[in-house]
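Work through the exercises below with the sequence and the model at hand. Try each task before reading its solution.

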Amino acid sequence: MSGPNEDNNTQLSSHIFGDLLDSIIVDVASECHRIAKLGLDRNLEEEEEEMRLSAQARARVADPSNSSETNTKYVVDIFGQTHPSVATEIFECMNCGRSIAAGRFAPHLEKCMGKGRKARLKVTRSSTAAQNRYLRGSPVSTYSPYSNSTSTNRLSNGTPSVAGEEYSNGTYEEPWNKT
Amino acid sequence: MSHSHKLVIKRSSMSRPPPPPPPTTNKDQQHQNPSFQEINIKLIQSGEKERLKELLRERLLECGWIDEMKALCRAFTRKKGRNNVTVDDLVHVISPKGRASVPNSVKAELLQRIRAFLASTAD
């Protein structure tokens with residue numbers, strides 16, 4: 001292997017790598033374009049909605065001629081300062097990276113983190129379904145299978161998945177994991 | 001590692017991929033320096049290009065690169081408006097940052113496999 005040939009190989013390899021990378025970049029861009037056009041990324045519309053609500057909240061706070069309902073919430077602290085009823089400081093959500101007004105952050109997080117919850121709920125449902133089959137088949141069970149399964153299903157649908165899992169699994173959590 | 005040293009030099013000097021050299025009819029050159037076109041054909045026909053691309057995609061997914069690029073696209077789409085965005089826009093949004101932010105380990109792994117392929121098909 002001569003020197004120039006090796007260099008050529010290296011350059012060729014980089015070129016091929018660049019080609020592969022460009023191809024993947026185009027794929028990603030195309031996918032994002034598709035999602036944008038089809039409106040599949042519901043966060044996009046919600047972002048505009050949230051920005052509107054944030055602006056509204058800020059406007060309400062800034063406007064001195066508000067209804068008395070808002071005014072009574074202006075508490076004066078020991079330094080004589082008043083704080084706006086809706087926190088106006090803007091910062092970045094660590095989950096999705098958007099700029100959110102502090103006063104809107106809790107409802108935003110509900111939706112933002114909730115997007116992951118939908119996926120986890122599905123997992124919970126399938127794992128509880130597997131548990132239900134096991135419970136019904138197993139002769140050695142402390143609980144009556146039917147009542148347990150129905151209550152399990154209701155719980156996992158209605159409550160946040162973490163709490164639901166803990167309750168429904170109870171003592172049965174361990175055997176599942178070991179198997 | 002001399003390899004990574006070479007990589008650094010190459011990366012800074014290559015901002016955009018050079019267009020593939022036109023296919024040459026000079027027999028000598030074809031014999032000594034396999035053109036990009038020739039290698040490309042071998043890559044595709046052997047199925048290695050597809051494998052390499054999937055490997056690269058998997059690595060980039062694992063390290064969060066793809067998520068970063070998608071976030072860039074989303075941010076751009078929000079600013080420009082959902083219906084005004086073109087694929088070309090997004091490609092231009094992602095390309096510079098994308099090419100620069102590939103982790104070195106990923107790049108090294110792919111380059112190693114490419115070089116191995118080149119060696120295995122050396123004339």
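**Exercise 1.** State how much area chain B and chain A bury between them, and which residues of chain B supply the most.

*Solution.* Start with the total: in this predicted model, the two chains bury about 3,800 Å² between them. Next, take the atom types: 71% of that area lies on carbon and sulfur atoms. Then turn to chain B. B:Phe36, B:Arg78 and B:Arg82 supply 17% of the area it buries against chain A, more than any other three residues. Finally, count contacts: 45 residues of chain B touch 37 residues of chain A.

**Exercise 2.** Find the polar links across the interface, then describe the side of chain B that touches chain A.

*Solution.* Apply the salt-bridge cut-off, nitrogen within 4 Å of a carboxyl oxygen. Five salt bridges cross the interface. B:Lys49 and A:Asp19 form a salt bridge, at 2.8 Å from N to O. Polar contacts come next: eleven residue pairs between the chains. Now map chain B's side. α1, α3, α4, α5, α6 and α7 each give two or more residues. The largest share, eight residues, is from α5(B). By type, this side has 25 nonpolar, eight polar and twelve charged residues.

**Exercise 3.** Locate the largest nonpolar core and follow A:Phe17 into chain B.

*Solution.* The core holds 32 residues. Among those with the most contacts inside it are A:Phe17, A:Leu21, B:Leu56 and B:Trp65. α1 (3-38) of chain A supplies the largest share, ten residues. Now trace A:Phe17. Beyond its neighbours within four places in sequence, A:Phe17 contacts B:Leu56, B:Val102, B:Lys107, B:Leu110, B:Leu111 and B:Ile114.

Conventions: Residues numbered from 1 in each chain as written. Chains lettered and ligands numbered in written order. Predicted model: local features only at pLDDT ≥ 70, side-chain atom pairs only at ≥ 80, totals over all residues. Heavy atoms only, no water. Contact = heavy atoms within 4.5 Å. Buried area = accessible area lost by both parts, 1.4 Å probe. Salt bridge = Lys/Arg side-chain N within 4 Å of Asp/Glu carboxyl O. Polar contact = N/O pair within 3.5 Å; in protein donor to acceptor, adjacent residues only side chain to side chain. Helix = DSSP H or I, 4+ residues; strand = E, 2+ residues; numbered from the N terminus. Nonpolar A, V, L, I, M, F, W, Y, C, P; charged D, E, K, R; others polar. Core = buried A, V, L, I, M, F, W, Y, C linked by side-chain atoms within 4.5 Å. Buried < 20%, exposed > 50% of the residue type's maximum accessible area, 1.4 Å probe, protein only.
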